[in-house]
Amino acid sequence: MATAADGVGSIAIDTSQLNMSVTEPAAWATAMNNLGMVPVGLAGQQLVTDSICVRGFDPNINMVTGITPVNPMLSSMGLVAQPPPAEVPVIKEIIHCKSCTLFPPNPNLPPPSTRERPPGCKTVFVGGLPENATEEIIQEVFEQCGDITAIRKSKKNFCHIRFAEEFMVDKAIYLSGYRMRLGSSTDKKDSGRLHVDFAQARDDFYEWECKQRMLAREERHRRKMEEDRMRPPSPPAIMHYSEHEATLLAEKLKDDSKFSEAITVLVTWIERGEVNRRTANQFYSMVQSANSHIRRLMNEKATHEQEMEQAKENFKNALTGILTQSLAAQAYALKEENDSLRWQLDAYRNEVELLKQEKGQLFRTEESLTKDQQLQFLQQTLQGMQQQLLKIQEELNNKKSELEQAKEEHTHTQTILKILQDQLKKNTKEFAETNGRDESQANEINVLTVPVVSQDREKNPEKRSQPLKSEKEALLIGIISTFLHVHPFGANIEYLWSYMQQLDSRISANEIEMLLMRLPRMFKQEFSGVGATLEKRWKFCAFEGIKTT
């Protein structure tokens, strides 16, 4: 693509208008129906709006000497018009020409990709042309984007187009993605999808470099003129030494208005080396006169400084005197004002006290009524608090009685356990002595059933029967009673706890055992075995209780 625009000159042609008219509406409507698209009735439209590409854009902006060539595509340099914002989608419409029709791409598809824009690009690459497209058709389509200086067409359905200005390339890039259809034909050779991209041409780059060099020369010239204008003026020339000039200089040294100018001339002559044996006397007299003048100036300076110090001291003393007088007057005035305000305040206080006394007599009855109401309200609140305290004391007494009952039950169970242990010891001894007896007697000894819960129920039926506290306990009792009813020979607490833990992992064996002990008419505890084979089992006995009642 770099050789596509070789040998192409630049031609200055006025930019053409960007409007196209619809010559044959039936033709493009038929073409759109063939493509399966709904035709849009437009009398004419602009290829690219001025918001995308500005007419008459000058690319020679913001170029400074000493800076390397900058890519003109950078938006921060302002060399190329800014593209439209991404939030506002550009709506592409159908473009009608005399010999062809351009159909816009699908707006839902992503925009066609392009390469990085070369500096000073005026040439574009156009691919995807129909096989039957000619240079006249290409020029008819792309001359709406601007003045075309050259078209170089290839046999492989692509070409290179060079425009007169850089901003025209942006208008040509806008046509990328359009489908080109020649007339109303549906032949594949008469249709193609355009792909427009930037092309790198040597002529474009050479022109851009020439403009850059010209701008650099202009910037250097402008800076030089600015430096010359801002340079401070050179000091006036000092004349060369001569006897006539020396006499004039001696007179100037005696004049106060011309002393500074004369002393600079004298110092310059001494630095130049004008002092020699012949001119030593003249220079000595001039130095003496300058020295005497400087001494006089120093004395005058010292006297002026003394006068200045004296004036400062006098001003300071006068200012302190004025300040003391003004402060004393202000203090006296403030004291009198303070006294008057204090007297007024005392008078106001007396008046307020008198008014309070008068109003107190009037509102004393109302205050007494309000106090009586407050006392009644406080008495009612105290009575309510006393009733609450009595209720709390009753609850405490009930809980104390429950604790005592629990202690008695605990002591009762301990005594029963001791009795059972003694009986077990006796049975083991008897079993050891009567080891040769028959099996029926041994089975009677091995099986010892102690209905502990039934005895306790007979002794203290009122103490052991307690109501259920929650719905959870009722549910547990139902599940346990069903489980024990299925096991008629009973089950130990560990077996029962392992079954209940599958339903509720947070329940403990102690909680189940306490619940069973609270309902002696439904569950009873039995001991079986002797010695190491002693086993404690729980059985469901609710049906037995119903029969007995």
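How many bridges join β8 to β9, and in which sense do the two strands run? Select both strands to find out: 3 bridges join β8 to β9, and the strands run antiparallel. The model on screen is a predicted one.

**The whole protein**

Start with everything shown. The protein has 549 residues, of which 28% count as buried. Its secondary structure comprises 14 helices and 12 strands. About 38100 Å² is exposed, and carbon and sulfur atoms supply 55% of that area. Among contacts with a separation of 6 or more, 69% are between residues 24 or more positions apart.

**Stop 1: the sheet with β8 and β9**

Select β3, β4, β8 and β9. These 4 strands form an open sheet in the order β3-β4-β8-β9, with antiparallel pairing. Because β3 and β9 (191-193) each have a single partner strand, one side of each is left without a neighbour in the sheet.

Begin at β3, residues 95-96, which pairs with β4 in the antiparallel sense over 2 bridges. A hairpin of 3 residues joins β3 to β4. Put I95 and L102 in sticks: I95 stands opposite L102 in β4.

Now select β4 alone, residues 100-103. C100 and L102 point one way from the strand, while T101 and F103 point the other way. All four of these residues are buried.

Add β8, residues 179-182. It pairs with β4 in the antiparallel sense over 4 bridges. Keep L102 in view, as it also stands opposite M180 in β8. Then step across to β9, where R193 is the bridge partner of R179.

**Stop 2: the sheet with β5, β6, β7 and β10**

Hide the previous selection and show β5, β6, β7 and β10. This is an open sheet of 4 strands, in the order β6-β7-β5-β10, paired antiparallel. Its edge strands are β6 (148-153) and β10 (195-198), each of which pairs on one side only. From one strand to the next the twist averages 20°.

Next, select helix α2, residues 135-142. The helix packs on this sheet and touches β5, β6, β7 (158-163) and β10. The direction of α2 makes about 140° with that of β6.

Go through the strand pairs in turn. β6 and β7 run antiparallel and are joined by 5 bridges. A150 has R162 in β7 as its bridge partner. The two strands also form a hairpin with 4 residues between them. Within that turn, select N157, which has a positive phi of about 65°.

Is β7 largely enclosed or left open by the rest of the structure? Because 5 of its 6 residues are buried, β7 is largely enclosed.

On to β5, which runs antiparallel to β7, with 5 bridges joining the two. Here V126 stands opposite C159 in β7. β5, residues 123-127, also pairs with β10 in the antiparallel sense, over 4 bridges. Select F125 and D197 to see one position of that pairing: F125 stands opposite D197 in β10.

**Stop 3: a patch on helix α7**

Finish with the surface display. Select F315, L319, L323 and L327, which make a nonpolar surface patch of about 410 Å². L323 is found in helix α7, residues 280-433. Its relative accessibility is 44%, so L323 counts as partly exposed, the class between buried at under 20% and exposed at over 50%.

Note on methods
Residues numbered from 1 in each chain as written. Predicted model: local features only at pLDDT ≥ 70, side-chain atom pairs only at ≥ 80, totals over all residues. Heavy atoms only, no water. Patch = residues over 30% accessible without salt bridge, like charges linked within 9 Å, V, L, I, M, F, W, Y side chains within 5 Å. Areas by Shrake-Rupley, 256 points an atom, 1.4 Å probe, with all protein chains shown as cover. Salt bridge = Lys/Arg side-chain N within 4 Å of Asp/Glu carboxyl O. Buried < 20%, exposed > 50% of the residue type's maximum accessible area, 1.4 Å probe, protein only. Contact = heavy atoms within 4.5 Å. Pairing = 2+ DSSP bridges. Axes fitted to C-alpha atoms, helices over the stretch in contact; angles between N-to-C directions.
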